[in-house]
Amino acid sequence: MAICSVPTVKPKHGRLIYIGFILFGVLLSMLTFLPGFRRFFVVHSHFCSRNTSQGKCDALVGHILLYRCYIGMMLFFLILALVNCQLAAFTTLSPWLENGLWFVKFHLFCLSILVAFFIPEGHLSNAVMHTGWIGSFIIMIIQLVLIIDLAKYLNTCWVEKMELSTNPNRLYISLLLLTSLLYTLSVSFVVYFYAIYTTSLQDCKTNLVFFTVIVLLCLIASLLSIHPKVRETGLLQAGIVTSYSIYLAWTCMQHYPYSTCNPSWKVLFATEFNFHIQLNMIIDLCTTFLVLVYGVKRVPSDEHLFTTVNLTDFHIFRAQSDNQEGTENDEQPLLVSAYLMYYLFLILICLHLLMTVSNFYTPEGIVGTEDEVVVSEYKLIDMDEYVKSLSQWVASCLKMILCVVFLLMYIWTILAPVIFSYMQNDSM
């Protein structure tokens, strides 16, 4: 009887509450960017008892606290996933367990973060960093698909309002102004990037080729979006995709570990990766949470993601609707397997947010240990500097690949309906 009286919420609202938990954890982790907060742990912890410089000590303590906070969040969702696995024989309990007990869950969430701070120093953060590179790549692929879907949704809503409005001229002018603003900003930043990140044509050939490829793909995508045979797209959607791809290219260059082609690298390396809030960090965090909320509110299933990038027309992605014709709504409890996948997805989200906030790097397990300087066959290697450069190379390469994949996915969403319609006409 006590179980039946537990208040529950709709599954969709439950997912939003879990996202709220992560948002609370991210705000809590931002305390590590306060110099006074880090200074307290520098003085009252054993992390800086070794022979390390003040700058390295500050960065080490900040990264340890930051990583422990996100490890605690991942531990919380891992516990929920393990509990979910044990509910296979008790599916009648899943509605109140998954969509209720929020007071208990929030305290367990805070307790997981608190317990994570007692994890001793070692190579755990370094392992999490390497895992986070892969997890962040997976999440950003999903995020890019959702951005394409969001851009399509905004474009469709705007066009529908224009068609139903008694005064469509006002909406048409606002649409034109917004699209012009997106393209103007994109062109301006491209010119700026060419001037800043390709100063030496001999040393910065990678940047030059990368920017040229991105500009050509953006141009192709924009021209295809206004082709008369292309439907369900427009310049607003192309403008959103173009502007975000330019932003993604900029974040890629921010990680480029070569001072000749990246002026900000000198500042970042000279300050020993000291904690300071960066513009791209705030934009990435806001974009991730915006896309998460949109995905919960607007994306009904995983099949919708394949539909967004026009992959459902392939035989390997076709859903067997004859065997799965269940009508699922917000009132119907989710299956245990669906919640299990959602918990694993939230663990990857935590990894992605950690990589965003920590700049894909941690000095834990290296600074202040015997592994900080390694004797090679030819010279001494500062492992901390090596890991700094390696982490930024990985981040730069990942975002470079994602930027190209993003534009290719959007171009495919434009061409796929036209290609498949021609294939259907030929088969008839």
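This is a stop-by-stop tour of a predicted model, from the whole chain down to single residues.

**Whole chain**

Start with the full protein chain in cartoon view. Its secondary structure amounts to 14 helices and two strands. Switch to a surface: about 22300 Å² is accessible, and carbon and sulfur atoms account for 68% of that. Of the 428 residues in the chain, 45% are buried. If you draw contacts between residues at least 6 apart in sequence, 82% of them join residues at least 24 apart.

**Helix H6**

Select residues 124-164, which form helix H6. This helix has 41 residues, and the distance from its first C-alpha to its last is 57 Å. That is close to the 60 Å expected at 1.5 Å a residue. Now centre on glycine 132, where H6 bends by about 30°.

**The nonpolar patch**

Next, select Leu75, Leu78, Ile79, Leu82, Val83, Leu111, Leu114, Val115, Phe117 and Phe118, and show them as a surface. Together they make a nonpolar patch on the outside of the model, with about 880 Å² of accessible area. Colour by element to see where the patch comes from: helix H3 (54-85) and helix H5 (102-116) are the elements that each give two or more residues to it. H3 supplies the largest share, five residues.

Within the patch, pick leucine 111, which belongs to helix H5. Its relative accessibility is 45%, so leucine 111 counts as partly exposed; the partly exposed class lies between 20% and 50%.

**Helix H11: threonine 287**

Move to helix H11, residues 279-298, and select threonine 287 there. Is threonine 287 buried or exposed? It counts as buried because its relative accessibility is 14%, and the cut-off for buried is under 20%. Show its surroundings: leaving aside residues up to four places away in sequence, threonine 287 touches Gln143, Ile147 and Tyr244. One of these partners, Gln143, brings you back to H6, which covers residues 124-164.

**The salt bridge**

Stay on H11 and select aspartate 284, then add lysine 399. Side chains of opposite charge can pair when their charged atoms come close. Here the side chains of aspartate 284 and lysine 399 meet in a salt bridge, at 3.7 Å from N to O. Lysine 399 sits in helix H14 (residues 383-427) and aspartate 284 in H11, so this pair ties together parts 115 residues apart in sequence. Both aspartate 284 and lysine 399 are buried. How many salt bridges does a search of the whole structure find? It finds one.

**The loop after H13**

Finish in the loop between helix H13 (336-358) and strand E1 (373-375), and select asparagine 359. Its phi is positive, about 65°, although asparagine 359 is not a glycine. With 12% relative accessibility, asparagine 359 counts as buried.

Then select phenylalanine 360, in the loop between H13 and E1. Phenylalanine 360 is not a glycine either, and its phi is positive at about 60°. Its relative accessible area is 4%, so phenylalanine 360 is buried. Display the backbone of asparagine 359 and phenylalanine 360 to inspect the two positive phi angles.

Notes:
Residues numbered from 1 in each chain as written. Predicted model: local features only at pLDDT ≥ 70, side-chain atom pairs only at ≥ 80, totals over all residues. Heavy atoms only, no water. Helix = DSSP H or I, 4+ residues; strand = E, 2+ residues; numbered from the N terminus. Expected span 1.5 Å × (residues − 1). Bend = angle between axes of the 7 residues up to and from the residue. Patch = residues over 30% accessible without salt bridge, like charges linked within 9 Å, V, L, I, M, F, W, Y side chains within 5 Å. Areas by Shrake-Rupley, 256 points an atom, 1.4 Å probe, with all protein chains shown as cover. Salt bridge = Lys/Arg side-chain N within 4 Å of Asp/Glu carboxyl O. Buried < 20%, exposed > 50% of the residue type's maximum accessible area, 1.4 Å probe, protein only. Contact = heavy atoms within 4.5 Å.
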